[in-house]
Amino acid sequence: TSNNNSHGRVRVYRENASGQWVLMGEINDTTGHHRYAHFGINTSLSADGLRIATAALGHYDPAYVQVHQYDEAQAAWVLMDGSKQDGQKFGDIHLSADGNTYVYRSDGTDGRTVHQWDGSSWVSKGGITPPDDVNPYHSKSTSVTSINSDGTRITIAHRLGTIATCDKVLVLDKGALVELDAPSKLLEDAGGVFYGMCEAAGTRAQLAAAARKADAKRAANKRD
């Protein structure tokens, strides 16, 4: 939720034995950053629900992350040491299930930055740089991130719509090549893997139309 001047706040609820949702506490930005930082623009919760990573979008100040641990004795969320990280404006943030690793993406780039809890502070574990063939202008709004339970594996994927207009699509299954063709051709194969993925996403017809349009444009460019 947002309070005055877009400072932002986060409220966490848990279900009690009666099936009611009870407020566990409220997390407010107390860093003294600019009032338009939009604290809470993105959040991610650990599997046990006792640790939460919160991103602030930033505005006049750099963006940042805070990680809070729930203290049962105090019945309050306590800021963990060293969890404030300045950087670019955030696109998303993901906390591992065990709550010991978080990865965030900065707005304007498809790179990811990783931090890990060492028992006393959050330390940088380096970054992930996108390959040269990824267009950051498109990927910053179309890519999604996931992190495994202990934070040792991170995946960065692009939505199907971003590859429908490519020359070729290569589909792998457990590391083995199963399909390789123009998206327009694959989207005509009702028994194909790529077809099935797009059909399951509910966007096959739209993607097929976009793929055909891209084919026509490439053909026209070759004639010219």
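How many aromatic pairs does a search of the whole structure find? The search finds four. The model is predicted. This briefing covers the aromatic pairs and then helix 4 (residues 204-223).

**Aromatic pairs**

- One of the pairs is made by Tyr 102 and Trp 122, with ring centres 5.1 Å apart.
- The planes of Tyr 102 and Trp 122 stand at 55 degrees, so this pair is tilted; planes under 30 degrees apart would count as stacked, and planes over 60 as edge-to-face.
- Distant parts of the chain are linked by this pair, since Tyr 102 lies in strand 8 (residues 101-106) and Trp 122 in strand 10 (residues 122-128), 20 residues apart.
- Tyr 102 and Trp 122 are both buried.
- A cluster of Tyr 102, Tyr 104, Trp 117 and Trp 122 is joined up by ring pairs.

**Length of helix 4**

- Helix 4 has 20 residues, which at 1.5 Å a residue should span 28 Å.
- The end C-alpha atoms of helix 4 are 29 Å apart, which agrees with that expected span.

**Two sides of helix 4**

- Leu 207, Ala 208, Ala 211 and Ala 214 are the buried residues of helix 4.
- These buried residues cover an arc of only 125 degrees around the axis, so they sit on the same side of helix 4.
- An α-helix has 3.6 residues a turn, so residues three or four places apart point the same way.
- Exposed residues on the other side of helix 4 are Gln 206, Lys 213, Lys 217 and Arg 223.
- The buried residues of helix 4 pack against helix 2 (183-186) and helix 3 (193-201).

Methods: Residues are numbered from 1 along each chain as its sequence is written. This is a predicted model: local features need pLDDT of at least 70, side-chain atom pairs count only at pLDDT 80 or more; totals for chains, interfaces and linings use all residues. Side-chain values use heavy atoms; hydrogens and water are left out. Rings of Phe, Tyr and Trp (its six-membered ring) pair if their centres lie within 6.5 Å; planes under 30 degrees apart count as stacked, over 60 as edge-to-face and the rest as tilted. Helices (H or I, at least four residues) and strands (E, at least two) are DSSP runs, numbered from the N terminus. Buried means under 20% relative accessible area, exposed over 50%, partly exposed in between (1.4 Å probe, protein chains only). The expected span of a helix is 1.5 Å times one less than its number of residues. The arc is that of the directions from the helix axis to the C-beta atoms. Contact means heavy atoms within 4.5 Å.
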